[in-house]
Amino acid sequence: MEENTCSKRYPRKLRRVTQTGDDGYPEYNRSSTNDGGFTVRIKGLDLDNHWVVPYNSVLLRTFISHINVEMCNSVKCIKYIYKYVNKVSDQAAFTIENQKDEVTMRESGRYLQGDADQKDEAHNKCLIQIEDTVLAVGETPMCNIPKQSNIAEVLRNCKFIVWDESTMAHKRGFEALDRSLKDIRNNNEVMGGVTVLLTGVFRQTLPVIPRGSRADEVKACIKASYLWLLIEQQEYEGPPGR
C-alpha cells in the first residue's frame, strides 16, 4: 500500500473485452455480475472480478503456488526480461565523498584508456548525462548544462567525442549536443568544432518511441536530422579473414 492506495492498481476496472493499454500491458476482460461474473466471500469480504490477479490455472496446479501471468507486447518487455536475468540479490551501497575533491572531479570527466596519456577525450558519462538532460521542447532542443559546471568544462576542453550505438539515439539528442557545444565553446562550427565519431548499425534497433509507429521511429532517426548531410560516412569491414 502507498498512501492508502494499492501499488498494484487494484481493484481493477471491470471490462467486457480484453484490450491493450497505453503501457503495452493488456487490460483483461473482467466480467461484472450482470455479464456472467460471480462473487465469492473470503474472510468476511465479498470479492468479484475487480480483485482477480491474472493467472494460469495449469501453472497453479503444477507448482501449487501463486504465479502471476501477464502478457506485454511493447518494447518494455525487453527491459523487463533483461532486468531479471541480470538481477542480483538485494543490496545497498553508499559512499562518503568530499564534494570539493578536485582530483576525483577531474578524473570523472575524462576517458582513461590503456594509454593514460589519452586525457583529451570526453568521458562517455558526459554523453549519458547529455541524453538524460535533453530538453525536448519544440524543434530546438538544448542540453541543460550550466556553463560553469564540471561537465561544461570537460566539453570545452575535449578534442574528440565517441558516441557508441548512436543509431539507437533520438535525433534530438545529436541536435541538442550540436547546439550546446556551440554555446559552451563559443564556436559556431558543427559540434562546436569538436570531432565527433558516431558508431552504430542501422540494422539494429532504431530509436524507441513510446506508443509510436514505425514512421515515428524513422522520423526520430539521425538520418532525419539536419546534421546527417554534414556527416562523413565510413564503413568498417571487420578484421581481415572474417
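Helices (H or I, at least four residues) and strands (E, at least two) are DSSP runs, numbered from the N terminus. On that basis the chain has 7 helices and 8 strands. This is a predicted model, in which local features need pLDDT of at least 70 and side-chain atom pairs count only at pLDDT 80 or more, while totals for chains, interfaces and linings use all residues. Residues are numbered from 1 along each chain as its sequence is written, and side-chain values use heavy atoms, with hydrogens and water left out.

**Exercise 1. Describe helix H6 by its extent, its span and its burial.**

Step 1. Helix H6 covers residues 171-185, and Lys171 is found in it.

Step 2. The expected span of a helix is 1.5 Å times one less than its number of residues. For the 15 residues of H6 this gives 21 Å, and because the end C-alpha atoms are 21 Å apart, the expectation and the model agree.

Step 3. Burial follows the relative accessible area: buried means under 20%, exposed over 50%, and partly exposed in between (1.4 Å probe, protein chains only). By this scale H6 is mostly covered, with 11 of its 15 residues buried; among them are Gly173, Ala176, Leu177, Leu181 and Ile184, and also the charged residues Lys171, Arg172, Glu175 and Asp178.

Step 4. The helix is followed by Asn186, whose phi is positive, near 50°.

**Exercise 2. Work out the surroundings of Lys171, and state which side chain of opposite charge is nearest to Lys171.**

Step 1. Lys and Arg count as positive and Asp and Glu as negative, whereas His and the chain ends are not counted.

Step 2. A salt bridge is a side-chain nitrogen of Lys or Arg within 4 Å of a carboxyl oxygen of Asp or Glu. Lys171 is buried yet has no salt bridge, and Glu175, the nearest side chain of opposite charge, is 5.0 Å away.

Step 3. Contact means heavy atoms within 4.5 Å. Once neighbours within four places in sequence are left aside, Lys171 is in contact with Lys219, Ala220, Cys221, Ile222, Ala224 and Ser225.

**Exercise 3. The structure holds 6 salt bridges; locate the partners of Arg15, Arg16 and Lys182 and compare their exposure.**

Step 1. Arg15 and Glu27 meet in a salt bridge of 3.0 Å, N to O. The pair links distant parts of the chain, 12 residues apart, with Arg15 in the segment before strand S1 (19-20) and Glu27 in strand S2 (residues 26-27). Arg15 is partly exposed at 25%, and Glu27 is partly exposed at 26%.

Step 2. Arg16 forms a salt bridge with Asp35, and the closest N and O atoms are 3.2 Å apart. Because Arg16 lies in the segment before S1 and Asp35 in the loop between S2 and strand S3 (40-42), the pair ties together parts that are 19 residues apart in sequence. Arg16 is exposed, with a relative accessible area of 69%, and Asp35 is partly exposed at 38%.

Step 3. Lys182 forms a salt bridge with Asp178, the closest N and O atoms being 3.4 Å apart. Both belong to helix H6, and because they are 4 residues apart, about one helical turn separates them. Lys182 is partly exposed at 25%, whereas Asp178 is buried at 1%.

**Exercise 4. Find the aromatic pair and say which elements it ties together.**

Step 1. Rings of Phe, Tyr and Trp (its six-membered ring) pair if their centres lie within 6.5 Å; planes under 30 degrees apart count as stacked, over 60 as edge-to-face and the rest as tilted. By this rule the count comes to 1 aromatic pair.

Step 2. Trp163 and Phe174 form that pair, which is tilted, at 4.5 Å centre to centre and 35° between the planes.

Step 3. Trp163 lies in strand S7 (residues 160-163) and Phe174 in helix H6, so the pair ties together parts that are 11 residues apart in sequence. Trp163 is buried at 3%, and Phe174 is buried at 1%.

**Exercise 5. State how many disulfides a search of the whole structure finds, and describe the exposure of Cys6 and Cys158.**

Step 1. A disulfide is a pair of cysteine sulfur atoms within 2.5 Å. The search finds 0 disulfides.

Step 2. Cys6 is partly exposed at 24%, while Cys158 is buried at 1%.
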